[in-house]
There are 2 protein chains.
Amino acid sequence: MTKRWKITIEYDGRSYAGFQKQPDIATVQGEIERAIKAFCQQDIRITVAGRTDSGVHAQAQIAHFDLDYRHADGGARLINGFDLAKAINAHLMPQPISIIDAQEVDDDFHARFGAKEKQYTYRIINRPYGLALDQGRAWWRKTHLDVETMQEAAKVFIGRHDFTTFRDAECQAKSPIRTVDDIQIEVKEILNGQEIIFHFFGMSFLHHQVRNMVGTLTLVGEGKWSVDDVQKALDAKDRKAGGPTAPADGLYLVSINYT
Amino acid sequence: MTKRWKITIEYDGRSYAGFQKQPDIATVQGEIERAIKAFCQQDIRITVAGRTDSGVHAQAQIAHFDLDYRHADGGARLINGFDLAKAINAHLMPQPISIIDAQEVDDDFHARFGAKEKQYTYRIINRPYGLALDQGRAWWRKTHLDVETMQEAAKVFIGRHDFTTFRDAECQAKSPIRTVDDIQIEVKEILNGQEIIFHFFGMSFLHHQVRNMVGTLTLVGEGKWSVDDVQKALDAKDRKAGGPTAPADGLYLVSINYT
C-alpha cells in the first residue's frame, strides 16, 4: 500500500547548488532522492514546499512523496515515520542534511500547494570586524545600520503588492503579486556591533524576493535611501529600481504552516 | 614605543588543532602570529587567556602581546586598535578566525593571570534525528535528557572543590582545586526535541573539566546516575570515577572578565 509522507528537512545550504535536482551537481533534492533509493531501491521523486537557492539554509523545509514500503523482518508491517527518517538519514550521513521529522499524511496533502504561510529569517552581523563562527551563515555588513528606519521602511512591503521590483529577472512565477503578512526585525547586541535578524511571513515569495527586500532595506539602514525611496521603488515595478540582492548566506527557511 | 595590546578573538575550532601553536599543523595561535608577522614583519608571541582544545570554539577568546609599530604613511603615528585588528584580519582571511576587538592596555595587563572570571557554554541538541546546521557546533544526543535532574546534579559542582575526578589525565595544573561560581542550564524547544545549553562560570577550569562535567551530567539526564552518584564521583578524586568526556563540538569560550 502506498502512503504519502511529509518530511521536514534541515540543511546547511553551503554544500549544495540549491534544493532542486540538477545533473552532475550536489543538490538537496538529489541527495535525498539518492538516499531514499539507497534504502528502498525505489526511484522516488519528492515534491518540495519552496525551492531554495544555492547557499540558502533550512531549519524546516517540507517535502512530500509517495512510498510503498514494508519492513522485510517479521512479516510485512508498514514502516513508521521514525524508522523512515532514520533510514534516509543513514544514507545522508555525514552530509549536512537531516530529515528531522516524517509523518504519514492524507493523499491530498501537497507540500507546495498546501502551504498557508512560510517564515524566512535573514541574519546580518553588523560590525567592523569580519565573521568567524558565522561564515556562510550570515551577511557581514561593516557600516552601522539604523534598525529603526529599516523597521519603518519594512512597512512599505507589508500587504498585497506587485513585487516586480523585488523579483529576480529569472523568476518563473506567473504573477508578481504577493502578500507579505508581516516583517519583524530583531536586534541583538554583540561586541562592537549588532546582529540584525529579519523575520518575513507570507504564503509565498517570488524568486529572490526576500533577499532583494533585505538588500534594499540595508540602503535605508545606511542612510542612502529614505523610506519614501523604498515606496517609489516598489511603485516603479521595475527590478532596476530596487536595491541589491543580499547574499544567500544569511537566509534561512524557518517554518512552513499548513493549517 | 612598545604598546601592550589586548585582542578579542572569535574562531571556529573545527579547522584547528586547538589554540596552542604546534609545528606543522594549523592552530589558532600559529595563524594569528603568522598574520601579525605578515603585516608588520615582526615575530610576536601572543599570550592567551585560556588555551582551547581542537574543535573547541570561541566567541571571545582574549590574548595580549607587545608591539612597536608605526604607520609608515604620513610620518610615525602609532597604530590604533581598529587598524591593528583590520590589518591582522586581512592576513587571516578567509580562515574562520577574526580579531573582533583590539584595545591598548597597561603594561601590567596579563590575558591569563589577570582573568577574574570565564564563561564557557556547552550546547547539546537532544533529538532522535541527526545534525545538519549544527554539525561540529553541538553534541548530538538521541536519548531524552531530563534537564531538571541535571540542574539538581550541577549543584554538586558549584563551589570550591577538588576536581581530580573531572580533570584530564594530561592536565598540567599544579592544583586540582577549582571554584565553579555558577552553572546555569537553559532549554529551548526544537522540533522533536530540545536544545540544552549549559553555562559555566568560574575563574579557571582544569583541562577537560567542563567537558567531563557535561559528560557526567548527561548520565544523570539519562537516568543512569543519581545526583548522589555525582557527589560520590566528585568525592572519589579519581578520573576513573567520573563520566565520559563530552566532545569538543559543543564547547564555546564565551567571555572572559578582567574586573
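# A tour of a two-chain model

Start with both chains in view: a rotation of 180 degrees, with 0.0 Å of shift along its axis, superposes chain B on chain A with an RMSD of 0.0 Å. The two copies are therefore related as by a two-fold rotation axis. The same surface serves both copies, since 100% of the contact residues of chain B recur in chain A. Keep in mind throughout the tour that this is a predicted model.

## Stop 1: where the chains meet

Select the residues of each chain that touch the other chain, and you should have 27 residues from chain B and 27 residues from chain A. On the chain B side, you can colour β1 (3-11), β3 (57-67), α2 (81-92) and β4 (97-105), each of which supplies at least two residues of the side that touches chain A. Which of these elements gives the most to that side of chain B? It is β4(B), which contributes five residues. If you then colour the side of chain B that touches chain A by residue class, you will find 15 nonpolar, eight polar and four charged residues.

## Stop 2: the two domains of chain A

Now hide chain B and give two colours to chain A, which is divided into domain 1 (3-105) and domain 2 (117-257). The C-alpha centres of domain 1 of chain A and domain 2 of chain A lie 29 Å apart. Where these domains touch, the contact takes 15 residues from domain 1 of chain A and ten residues from domain 2 of chain A. By class, the side of domain 1 of chain A that touches domain 2 of chain A has five nonpolar, eight polar and two charged residues.

## Stop 3: a helix pair in chain B

Bring chain B back and select helix α1 (residues 28-40) together with α2(B), whose axes come within 8 Å and cross at roughly 110 degrees. Because of that angle, α1(B) counts as roughly perpendicular to α2(B), and the crossing of α1(B) and α2(B) is right-handed. To see what fills the contact, show the side chains of E31(B), I32(B), A35(B), I36(B), A38(B) and F39(B) in α1(B), which meet A87(B), I88(B), A90(B), H91(B) and L92(B) in α2(B). How many residues of each class does this contact of α1(B) with α2(B) have? There are nine nonpolar residues, one polar residue and one charged residue.

## Stop 4: a second helix pair, in each chain

Return to chain A and select helix α3 (residues 147-154) and helix α4 (residues 209-221), which pack at an angle of about 135 degrees with their axes 8 Å apart. That angle makes α3(A) oblique to α4(A), and the crossing of α3(A) and α4(A) is right-handed. On one side of this contact, in α3(A), are V147(A), T149(A), M150(A), A153(A) and A154(A), and they meet L217(A), V220(A) and G221(A) in α4(A). The contact of α3(A) with α4(A) has six nonpolar, two polar and no charged residues.

Then select helix α3 (residues 147-154) and helix α4 (residues 209-221) of chain B, where the axes come within 8 Å and cross at roughly 135 degrees. Here α3(B) is oblique to α4(B), and the crossing of α3(B) and α4(B) is right-handed. The residues that make the contact are V147(B), T149(B), M150(B), A153(B) and A154(B) of α3(B), with L217(B), V220(B) and G221(B) of α4(B).

## Stop 5: backbone details

For the last stop, switch from side chains to the backbone, and remember that most residues other than glycine have a negative phi, and most peptide bonds are trans. In chain A, zoom in on the peptide bond from M93(A) to P94(A), which is cis, with omega near 0 degrees. You will find P94(A) in the loop between α2 (81-92) and β4 (97-105) of chain A. Moving across to chain B, the peptide bond from M93(B) to P94(B) is cis, with omega near -5 degrees, and P94(B) sits in the loop between α2 and β4 of chain B.

Finally, go back to chain A and select the loop between β8 (177-190) and β9 (193-202), where N192(A) is found. Although N192(A) is not a glycine, its phi is positive, at about 60 degrees.

Technical notes:
Residues are numbered from 1 along each chain as its sequence is written. Chains are lettered from A and ligands numbered from 1 in the order in which they are written. This is a predicted model: local features need pLDDT of at least 70, side-chain atom pairs count only at pLDDT 80 or more; totals for chains, interfaces and linings use all residues. Copies are superposed by least squares on the C-alpha atoms of residues with pLDDT of at least 70 in both. Two residues are in contact if their C-beta atoms, placed from the backbone, lie within 7 Å. Axes are lines fitted to C-alpha atoms, for helices over the stretch in contact, and angles run from 0 to 180 degrees between N-to-C directions. Helices (H or I, at least four residues) and strands (E, at least two) are DSSP runs, numbered from the N terminus. Angles under 35 degrees count as roughly parallel, over 145 as roughly antiparallel, 65 to 115 as roughly perpendicular and the rest as oblique. A crossing is left-handed if the near helix is turned anticlockwise from the far one by less than a right angle, and right-handed if clockwise. Ala, Val, Leu, Ile, Met, Phe, Trp, Tyr, Cys and Pro count as nonpolar, Asp, Glu, Lys and Arg as charged, and the others, Gly among them, as polar. Domain bounds come from an automatic or database domain assignment.
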